[in-house]
Structure formats: C-alpha cells, structure tokens
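This report covers selected local features of a protein chain. The coordinates come from a predicted model.

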Amino acid sequence: MEIIRGLHNIRQRHRGCVSTIGTFDGIHAGHKQLLNLLQAKAQDLGTSSLLVTFEPQPREYFRGALVPARLTRFREKIQILSEEGVSRVLCIPFNERTRRISASAVIEQFLVGMLDVKHLIVGDDFRFGTNAEGNFNMLRQAGDQYGFGVDKAVTVVVDGSRVSSTRIRELLAQGNFDSAARLLGRPYFMMGTVVRGQQLGKSLGIPTANIRLQRYRSAIQGVFAVSVSGLDKEYFGSAYVGTRPTIQGTEPLLEVHLFNYDDDLYGARLRVTFLKKFRDDQEFASIAALHEQMCRDLADTREWLQDREELTY
C-alpha cells in the first residue's frame, strides 16, 4: 500500500481513482463495509482505490485535550487499511488552512482538479468543508456536473445498535472486549515499538516492554491479559495502560510483561491484543504497595490464561 503524505505529493498516477474520505478511527465493521464497496468499485472501473484521511483528526484540532479517546493511532490505522487491501492512503494535515476550505473548493480543486476522481463513496453521515457545509446531496449534484459517481454506505447494525466509534469506546472502557470485537470485526489491539523506560518494573523484578502511546488519551486504562505478536511466536502476558500515577507520571504508556520470554525487546515492533480486563488504573500509597498489586495482577492473569489453556508450563 502506498502512503501519500500531503497534497503536494499527489502525482499523475494517483488521478482517476475511486476514493473515500474520513477519519476512519478504529476502522470498525461500518468502515469495513464502506471499504468493501470502495474495493469493488475500483475493480469494476479498473482503477485504484484511494482513502483520504487527516492528521490530526479534525475533532482533535477543534477540541484539543477534550477530544474523545482515539481507537487507533495513525500507524495502527495504516496497518489495518493495508490488511484490508486499500491501494493508497492520502494523509492531509488538518490545520487552519484546511479548516477554511469551502465545500465547493473541496469538490472543484481537490476531487476534480487534483484527483480527477471517477467515483466517490462516503459514509451516511459524511460532512465536509468550512462549518461542515457540504453533504451527500451536494456531492451528488457535483458528480452530475463533473462526471463522477457518488455512493453512500448504509448504516451497519450489530447487536441491535448502529456501529460507531463512540459505542466501541464505551465497550472498551467497560472491559467488554468480546462485544467490542464484534463491532470492530477483529479483536482490539495496540501496536508500537518497544523503547527504553525508567526501568521501574525491572527494578521490582517484573521487567516490562514499554510502548509510548503518543495519543491524546487511550480508549482503555488499567491492567489486562494480552496476547503479543511480532516476535518468533505468539506470547501471552499482563499489560498495563495508563500514566503511572504512583510515580506522578503524565505520559500515557503501554507496559507489557511477557510470560516465558527473557530476551531483550528494545526496538521490537509489537502488536498487543487485549483479552480481559482485571482492574482500573489506580494510584498506590507507596512503591511497595504497587509491587504487591503487580504480583497479584500477574498471578490473576496467569490463572485466567491457564484456565483458557492459553498458557502452559
């Protein structure tokens, strides 16, 4: 899959595509239905598929620290889109200049002038342009005028309710990973590169692989049973997601202790899939109290994994 970073990198080979536009946070079952339509239409027209997205997400630009938690960071989103078979992803920086572009300019200058789009597929609630003035009807009229087709993906319903990123966040916050997986169409995971941390876990005899989340806020916090891929085989372990309030931490981190693994993990790119939540994040009165709880967390996780026959010795 080709990643195009910025409008200035659009080339002639990118023109004449079948396209979609959106934030695609989580790339859930509703998004996947749209992506299936995108791929089918691209194949039907004998051209490539192009997904247009934004960094930061528009709502992050407008709401800052008050924005809802992300379900997927950019690299995670790219990984999933690649697995879904999207040909190309165009990432546009969302800034003040982007915010001020009118809906008509999006159509005339971007969709027609830059991309020469042959067909556009959008979600059922898609809006665009300054003050969200553009909508599906406006696109349909523009398609008639400029000669491109426009389709709208229908709402996907799972377990009796519309699939949405908001609903998935609620399920993840509750630790309901099974229901979240049904809406996502896959188990919930995070991925990233292991970096050197403060070595607190190692000093307590519980070494962890540290992954910086680099997001406004994680969709989950607490202690979890996880499976980990990206090494020589799949491993299981106990993971912590939070800011480590006991030591006055502020940066959100994912820390994973792998069972039955002793090698150096620095620089490894891991995919951490969440299986079960054991407790919320909390602040402890002392490092000793934190260590006692960490030992209980490991014991609880081992027992649960052994009951599932995921972990053997």
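## Sheet, helix and one tyrosine

Six bridges pair strand β12 (residues 235-242) with strand β13 (residues 253-258) in the antiparallel sense. Within this pairing, Ser-238 lies opposite His-257 of β13. Both strands belong to an open sheet of six strands, ordered β9-β14-β11-β12-β13-β10 with antiparallel pairing. β9 and β10 (209-212) are at the edges with a single partner strand each, so one side of each has no neighbour in the sheet. From one strand to the next, the twist averages 35°.

Strand β9 also takes part in the packing of helix α3. The buried residues of α3 (residues 74-83) are Phe-74, Glu-76, Lys-77, Ile-78, Ile-80 and Leu-81. They pack against the elements tabulated here.

| Element packed against by buried residues of α3 | Residues |
|---|---|
| β1 | 2-5 |
| α1 | 29-45 |
| β3 | 49-55 |
| β4 | 88-93 |
| β9 | 189-193 |

After α3 comes Gly-85, which has a positive phi near 90°.

Tyr-61 sits in helix α2 (residues 58-63). Is Tyr-61 buried or exposed? Its relative accessibility is 31%, so Tyr-61 counts as partly exposed. Apart from neighbours within four places in sequence, Tyr-61 contacts Phe-94, Asn-95, Glu-96 and Arg-99. With Glu-96, the side chain of Tyr-61 forms a side-chain to side-chain polar contact of 2.6 Å. Val-195 is 134 residues from Tyr-61 in sequence, and the C-alpha to C-alpha separation of the two is 28 Å.

Definitions and conventions:
Residues are numbered from 1 along each chain as its sequence is written. This is a predicted model: local features need pLDDT of at least 70, side-chain atom pairs count only at pLDDT 80 or more; totals for chains, interfaces and linings use all residues. Side-chain values use heavy atoms; hydrogens and water are left out. Helices (H or I, at least four residues) and strands (E, at least two) are DSSP runs, numbered from the N terminus. Buried means under 20% relative accessible area, exposed over 50%, partly exposed in between (1.4 Å probe, protein chains only). Contact means heavy atoms within 4.5 Å. A polar contact is a pair of N or O atoms within 3.5 Å; within protein, one must be able to donate a hydrogen and the other to accept it, and residues adjacent in sequence count only if both atoms are side-chain atoms. Two strands pair if DSSP finds at least two bridges between them. Axes are lines fitted to C-alpha atoms, for helices over the stretch in contact, and angles run from 0 to 180 degrees between N-to-C directions.
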